[in-house]
Amino acid sequence: MTAGIFSDEHAMLRKSIRVFVEKEVAPHVRAWEDAGQIPRTFWRRLGALGFLGLEFPTEYGGGGGDFLSSVVLGEEMARCRSGGVAFSVLVHTDMSSPWLTRFGTDAQKRKYLPRIISGESVCALAITEPGTGSDMAALATRAERRSDDYVLTGSKMFITNGVYGDLYFVAARTGPGSPERRHDGLSMFLVERGLPGFTVSRKLDKMGMRASDTAELAFVECPVPAANLLGTEGRGFQQLAEGLQRERLMAAVLALSGAAQALEDTIAYLRERTAFGEPLAARQALRHRVADLATELEAARQLVYRAATLYAAGEECVTEVSMAKLFATEVANHVAYDAVQMHGGYGYMREFPVEGFFRDVRLWTIASGTSEVMREIITKRLL
Ligand SMILES: Cc1cc2nc3c(=O)[nH]c(=O)nc-3n(C[C@H](O)[C@H](O)[C@H](O)COP(=O)(O)OP(=O)(O)OC[C@H]3O[C@@H](n4cnc5c(N)ncnc54)[C@H](O)[C@@H]3O)c2cc1C
């Protein structure tokens with residue numbers, strides 16, 4: 001994907017990530033999908049190349065780049081043909097650690113950012129719980145202040161990078177909400193692996209995104225140093241709401257770039273495969289379907305780029321981000337369905353990447369805010 005929103009620097013960055021993905025990622029994704037895990041060496045390599053700190057301040061070892069650099073990273077990682085690899089990386093770079101630069105103290109940044117940027121510490125975001133996902137105000141994990149600690153008790157569900165992660169951005173309740181303001185009383189914490197009372201209770205088995213590890217986490221009287229409160233006590237929901245715009249944009253970027261790759265793979269297949277004496281690419285029914293999919297993708301891309309541009313400029317863009325997330329992830333699923341169909345039986349075989357994309361992309365109308373939740377957000381701003 002390229003368009004007028006990107007500069008020459010972005011184009012250079014894109015080129016270097018694309019070469020890296022082709023040479024050092026794509027050849028291994030099948031093994032990582034089978035293992036359900038990405039090797040630690042991969043994280044360190046990403047760190048060494050500077051890809052884990054594109055936007056972070058240079059004083060901590062980051063690249064000091066802008067938000068569109070992260071969009072480039074998302075688009076190019078999604079081309080590796082493993083949704084799980086791209087998802088894991090973007091959870092680290094965009095869906096968790098940016099909260100640290102946005103809300104962290106200097107001491108927290110000095111302590112954690114260098115290891116996040118180098119790939120020594122892999123990050124996870126832990127909001128969802130077994131009993132609630134979309135309804136964040138219903139979070140039940142408690143954090144009780146006791147002298148120099150907050151003591152966490154509760155569990156978290158579906159946490160990406162949760163099994164093998166090192167640093168968890170955890171949302172917990174520090175105070176009660178009220179019937180009028182249910183979202184009050186939530187706070188965010190930086191929780192390191194290895195704290196007493198913090199365990200990975202399960203590695204979850206799932207339909208797609210298989211290279212990314214997904215965990216259920218348990219906190220039983222887990223003492224988190226008070227210095228690891230992230231941002232303001234009781235303002236966690238507001239902080240989360242702000243960060244979720246970035247997460248949703250990145251979900252849209254990953255879904256869309258993966259879909260563009262799947263369409264490219266499908267076009268190549270249609271050219272190669274013959275039926276009834278000519279390439280499938282000669283069949284008007286299939287040609288028109290390709291035209292429709294390419295048009296839908298382009299419409300979604302423009303919506304995503306518009307929202308990304310607004311977000312990068314620091315403008316209020318909740319409606320645009322929600323529309324972009326809704327439309328792009330639904331379009332990507334449509335592309336996946338048709339891409340498998342146009343591959344015929346081979347589309348159902350694991351050796352063909354569209355099979356994996358079909359499973360991976362199913363996540364994107366669910367995670368980072370479901371399509372129904374996106375519609376609720378959009379409607380609330382219209383009605
Ligand atoms: C593979 C995977 C990775 C994930 N990674 C993470 C992660 O790293 N960190 C994290 O915190 N979470 C993560 N999640 C959780 C994800 O964000 C949630 O699954 C998602 O927000 C939906 O919440 P839920 O599963 O509780 O569904 P529910 O909220 O129970 O929703 C169930 C259904 O009801 C619909 N619904 C809910 N409310 C409404 C409403 N008001 N109006 C209409 N329909 C509604 C939903 O759209 C959905 O269709 C992950 C999930 C998966 C599957």
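In this predicted model, T41 and A48 of helix α3 are exposed. They lie on the side opposite the buried residues of α3. The helix runs over residues 40-48, and its buried residues are F42, W43, L46 and G47. These four cover an arc of only 140° around the axis, which puts them on the same side of α3. An α-helix has 3.6 residues a turn, so residues three or four places apart point the same way. The cover over the buried residues of α3 includes α1 (8-25), α2 (29-35), α4 (67-77), α5 (83-96) and α7 (106-118). After α3 comes G50, with a positive phi near 85°.

Helix α1 also has two distinct faces. Its buried residues are H10, L13, R14, I17, F20, V21 and V25. Seen down the axis of α1, they fall within an arc of 130°, so they line one face of the helix. The face turned away from this buried side carries the exposed residues D8, M12, K15, E22 and K23. The buried residues of α1 pack against α2, α3, α4 and α5. The span of α1 agrees with its length: 18 residues at 1.5 Å a residue should give 26 Å, and the end C-alpha atoms are 24 Å apart.

Helix α9 covers residues 284-312, 29 residues in total. From first C-alpha to last it reaches 41 Å, close to the 42 Å expected at 1.5 Å a residue. The buried residues of α9 are L286, V290, L293, L297, A300, R301, V304, Y305, A307, A308 and L310. Helices α4, α8 (236-272) and α10 (318-343) are among the elements that cover them. Just after α9, G314 has a positive phi of about 75°.

The second largest pocket has a volume of about 210 Å³. Its lining consists of A26, V29, R30, E33, R81, R350, E351, F352, P353, E355, G356 and R359. Helices α2 and α11 (353-361) each supply at least two of these residues. The largest share, four residues, comes from α11. By class, the lining of this pocket has seven charged residues, four nonpolar and one polar.

Two cavities of 30 Å³ or more are counted. The largest cavity has a volume of about 190 Å³. It is lined by 20 residues, and A78, G83, G258, F357 and D360 lie nearest its centre. Helices α5, α8 and α11 each supply at least two residues of this lining. Here the classes are twelve nonpolar, five polar and three charged.

D148 is found in the loop between strands β2 (142-146) and β3 (149-160). The residue is exposed because its relative accessible area is 59%, above the 50% cut-off. D148 nevertheless has contacts with residues beyond its sequence neighbours. Leaving aside residues within four places in sequence, D148 is in contact with V224, P225 and A226. D148 and A226 are 78 residues apart along the chain, yet their C-alpha atoms are separated by 5.4 Å.

Terms used: Residues numbered from 1 in each chain as written. Predicted model: local features only at pLDDT ≥ 70, side-chain atom pairs only at ≥ 80, totals over all residues. Heavy atoms only, no water. Buried < 20%, exposed > 50% of the residue type's maximum accessible area, 1.4 Å probe, protein only. Arc of directions from axis to C-beta. Contact = heavy atoms within 4.5 Å. Expected span 1.5 Å × (residues − 1). 1 Å grid on protein atoms, 1.4 Å probe; cavity = no way out; pocket = protein on both sides within 12 Å on 5 of 7 lines; lining within 4 Å. Points joined across faces, edges and corners; volume = space filled by probe spheres on them. Nonpolar A, V, L, I, M, F, W, Y, C, P; charged D, E, K, R; others polar.
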